[in-house]
Amino acid sequence: MKNLKVNHYPLPQLPLSEIPAWLDSLEEPFHDIDTVNWAAYPYRPTARFRIVATPEGFVLNFSVSEASVAAVAEGDGGKVWEDSCVEFFSSPADDGFYYNVECNCVGTVLVAAGKDRNARTPAPAEVMQQIQRWASLGRENFSERIGQTDWQVVLLIPYGVWFLHDIAHVEGRTLRANFYKCGDNLQTPHFLSWNAIDVPQPDFHRPDFFGTLQC
């Protein structure tokens with residue numbers, strides 16, 4: 001099981017487009033999302049993330065290079081996992097609940113909560129709207145573009161995104177989490193994870209295979 005130490009900083013008053021440079025200045029490293037768990041889907045695009053904590057929430061920066069990109073999902077709460085998608089799943093408490101925060105390459109998000117992949121509770125629209133986003137490819141939808149493409153997203157995720165819990169800060173907490181890169185409907189579907197998942201078929205909804213975040 002992988003373990004990651006999450007550093008804490010005050011949130012700078014910067015445009016989100018400048019957050020990657022700010023993280024560079026702090027020498028915050030990227031962590032690879034590079035585990036191919038299922039032999040039927042061997043394609044491994046370059047996918048990395050870095051995460052820091054602030055008093056208000058997490059700053060999450062994904063960086064991806066892949067052979068095609070798409071952003072078809074219509075608005076927050078849509079099927080972003082079918083697009084060029086990065087994901088952050090987390091368990092903020094020891095009660096069996098976990099949250100999926102999924103984001104496509106133009107910053108459209110999906111958030112839901114539950115104890116397994118079935119009967120999940122979608123986040124209210126106002127919760128998803130609290131997530132600030134920047135996407136290097138812009139915020140407009142587009143159909144699949146074939147060709148090697150580099151892209152980044154920055155997400156400012158308030159702790160209120162854990163909408164079934166009342167958590168105001170994470171300092172001193174140990175969270176369980178995993179990070180993913182997928183693209184179910186792309187030319188080359190793929191399902192990568194940060195922490196390995198040992199099940200027969202693609203399934204990211206496996207909190208039993210989460211790693212840990214030491215906050």
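A nonpolar core, as the term is used in these legends, is a set of buried Ala, Val, Leu, Ile, Met, Phe, Trp, Tyr and Cys residues joined through side-chain atoms within 4.5 Å. Keep in mind that every view below comes from a predicted model.

**View 1. The largest nonpolar core, with its best-connected members.** This core has 46 residues, and the ones touching the most other members are I51, F58, F179 and L213. Quite a few elements chip in: β4 (46–53), β5 (57–71), β6 (85–91), β7 (98–104), β8 (109–114), α2 (125–129), β11 (142–158) and β12 (174–182) each bring at least two residues. The biggest share is that of β5, with 6 residues. Apart from this core lies another one, made up of 14 residues, including A73, F89, Y180 and I197.

**View 2. I51 and the residues around it.** Skip the neighbours within four places in sequence, and what does I51 have in contact with it? The list runs L4, V6, E28, F58, V59, L60, F88, F179 and L213. F58, F179 and L213 will look familiar: along with I51, they are the residues that touch the most other members of the largest core.

**View 3. The largest pocket and its lining.** Its volume comes to about 370 Å³. Of the 19 lining residues, W81, E87, E102, R117 and H205 sit closest to the pocket's centre. Which strands each supply at least two residues of the lining? They are β6, β7 and β8, and the largest share, 3 residues, is down to β8. Sort the lining by class and you get 10 nonpolar, 3 polar and 6 charged residues.

**View 4. Cysteines without a partner.** A disulfide is a covalent bond between the sulfur atoms of two cysteines. How many disulfides does the structure hold? The count is 0. Take C105: its closest cysteine sulfur belongs to C103, and at 8.5 Å that is too far for a bond. C105 counts as buried because its relative accessibility is 0%. C215 is in no disulfide either, as the nearest cysteine sulfur, again that of C103, is 20 Å away. C215 also counts as buried, with a relative accessibility of 10%.

**View 5. D95, in the loop between β6 and β7.** Is D95 buried, exposed or partly exposed? At 32% relative accessibility, D95 falls in the partly exposed class, since that class covers what lies between under 20% (buried) and over 50% (exposed). Leave out the neighbours within four places in sequence, and D95 is in contact with K115 and H165. Along the chain, D95 and K115 are 20 residues apart, while 8.7 Å separates their C-alpha atoms.

**View 6. Two loop residues with a positive phi.** Most residues other than glycine have a negative phi. E27 is not a glycine, and yet its phi is positive, about 60 degrees. You'll find E27 in the loop between α1 (19–25) and β2 (31–32). E27 is exposed, its relative accessible area being 69%. A119, also not a glycine, has a positive phi of about 55 degrees. Look for A119 in the loop between β8 and β9 (121–122). With a relative accessible area of 77%, A119 is exposed as well.

Definitions and conventions
Residues are numbered from 1 along each chain as its sequence is written. This is a predicted model: local features need pLDDT of at least 70, side-chain atom pairs count only at pLDDT 80 or more; totals for chains, interfaces and linings use all residues. Side-chain values use heavy atoms; hydrogens and water are left out. Buried means under 20% relative accessible area, exposed over 50%, partly exposed in between (1.4 Å probe, protein chains only). Helices (H or I, at least four residues) and strands (E, at least two) are DSSP runs, numbered from the N terminus. Contact means heavy atoms within 4.5 Å. A disulfide is a pair of cysteine sulfur atoms within 2.5 Å. On a 1 Å grid over the protein atoms alone, a cavity is a set of points where a 1.4 Å probe fits but cannot get out, and a pocket is an open set with protein on both sides within 12 Å along at least five of seven lines; lining residues have an atom within 4 Å of a point. Grid points are joined across faces, edges and corners, and a volume is the space filled by probe spheres set on the points. Ala, Val, Leu, Ile, Met, Phe, Trp, Tyr, Cys and Pro count as nonpolar, Asp, Glu, Lys and Arg as charged, and the others, Gly among them, as polar.
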